[in-house]
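Colleague: Please pick one part of this model and walk me through it slowly. I'd like the strands first, then whatever sits beside them.

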Amino acid sequence: MKKVFLYAYDQINLGDDLFIYTIVKRYSNVKFYIWSNRSNKTIFKKLKNLKVIDKDSRFAKILKRIYASLLPRYKSWYEKRCDAVVYIGGSIFIEYDNWKQILSWWQFEAKKYSFYVIGANFGPYKSEDYKTQLQQILEQMKDVCFRDQYSYAMFKDCHNVRYAPDILFSLPMPSVQIVKNRVFISVIDCRYKEEGANKLEGFSSVYLENMTELIKEYLLNHFTVVLCSFCRKEGDERAVSEIVKMLGDNIPKEKVQTLFYTGKNLYDILQTLASSEYVIASRFHATILGIAAEKPVFPIVYSDKTARVLQDIGFQGNYADIRTKRKITYGFSLKNLSDNYILPMKDLQREAEKHFIELDKVLR
């Protein structure tokens, strides 16, 4: 049985958890290992070919107490015995103030193991030194597949760098009956959104007020609304609660539903999204999943990564950008639904599968 050591964002985030489900289910005859915690042991227990190594377990704590370096050696013991080490993730190459320390980890992994990166994007970044050093590291990897053309163009001189649309475009979405006049809305907390030097905290109050007024307009026009949190740690739940409070007590409770991702209700959220008539997406992967479900989607962009992906896939509908602080009007946001603007998925699904081309050669 072949083995893979998997790196991913493991903070109970719906998009990243779907990454994990996708790769582990794709290679059902491969044993996966992920260095995580007890919560994820519970969340992923149905994936029988995934072993979650609890870094906070009693055994791990004993190792750390005996000698600090024993814990990373324990993790390395698993990596050495794997046929591949894979990092599946999105914004994993952002330039932070401690970028030299971060790159030293990438350098170590790329040099020591048969290392693959899939589903990623590059940036934001501000120094050419960061980009140059990262490129030298990427060249040492087995395969790097970016999810946007911008990132690919930055490193296209590397022989092992490729492009494919976001992995979740290939996700089979539930086939369910449409609930007429229901809008699925994913929200973010701008105070938690930091991409290196790019911070959204200053846009928080305008965003919350804008979303509240927009939702009121939808309710007045006989829609029901589902407000969804994709990640508690990044403040989505708090943003939902604040919007509900700002809507006031006069709003009928049956018209506004809240839905929080807990790690155990992934399919419920996919079902709710797929059965909604319209998707208003602040979360990057709410946009991707809405398009994958062949829904009209109104993206609310908070990062260049979303705008670039929309450009790559030829999205011609309306969308808003939080960073402009412009009011999102009801009419402007509704147009994609009024036009029934839906992107064809067949080609996107096929192209998204290409993230796994090189891994298929090793694992299949």
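Modeller: One thing before we start: when I quote an angle, it runs from 0 to 180 degrees between N-to-C directions, with axes being lines fitted to C-alpha atoms. Also keep in mind that this is a predicted model.

So, the sheet. Six strands make it up, it's open, and reading across you get S12-S11-S8-S13-S14-S15, with parallel pairing. The edges are strand S12 (256-260) and strand S15 (320-321), each of which has a pairing partner on one side only. Further in, strand S8 (residues 179-186) runs parallel to strand S13 (residues 276-281), and five bridges join the two. If you want a spot to zoom in on there, try Ile185, which stands opposite Ile280 in S13.

Now swing over to the S12 edge. Helix H9 (residues 236-247) lies across S12 and strand S11 (224-229), and its angle to S11 is about 150°.

At the other edge, follow the chain out of S15. The loop between S15 and helix H13 (330-338) is where you'll find Thr329. With a relative accessible area of 39%, Thr329 counts as partly exposed, because that class sits between the 20% limit for buried and the 50% limit for exposed. A polar atom of the Thr329 side chain lies 3.2 Å from the backbone nitrogen of Phe332. There's a long-range neighbour to check as well: Glu217 is 112 residues away from Thr329 along the chain, yet their C-alpha atoms are separated by 8.9 Å.

Key: Residues numbered from 1 in each chain as written. Predicted model: local features only at pLDDT ≥ 70, side-chain atom pairs only at ≥ 80, totals over all residues. Heavy atoms only, no water. Pairing = 2+ DSSP bridges. Helix = DSSP H or I, 4+ residues; strand = E, 2+ residues; numbered from the N terminus. Contact = heavy atoms within 4.5 Å. Buried < 20%, exposed > 50% of the residue type's maximum accessible area, 1.4 Å probe, protein only. Polar contact = N/O pair within 3.5 Å; in protein donor to acceptor, adjacent residues only side chain to side chain.
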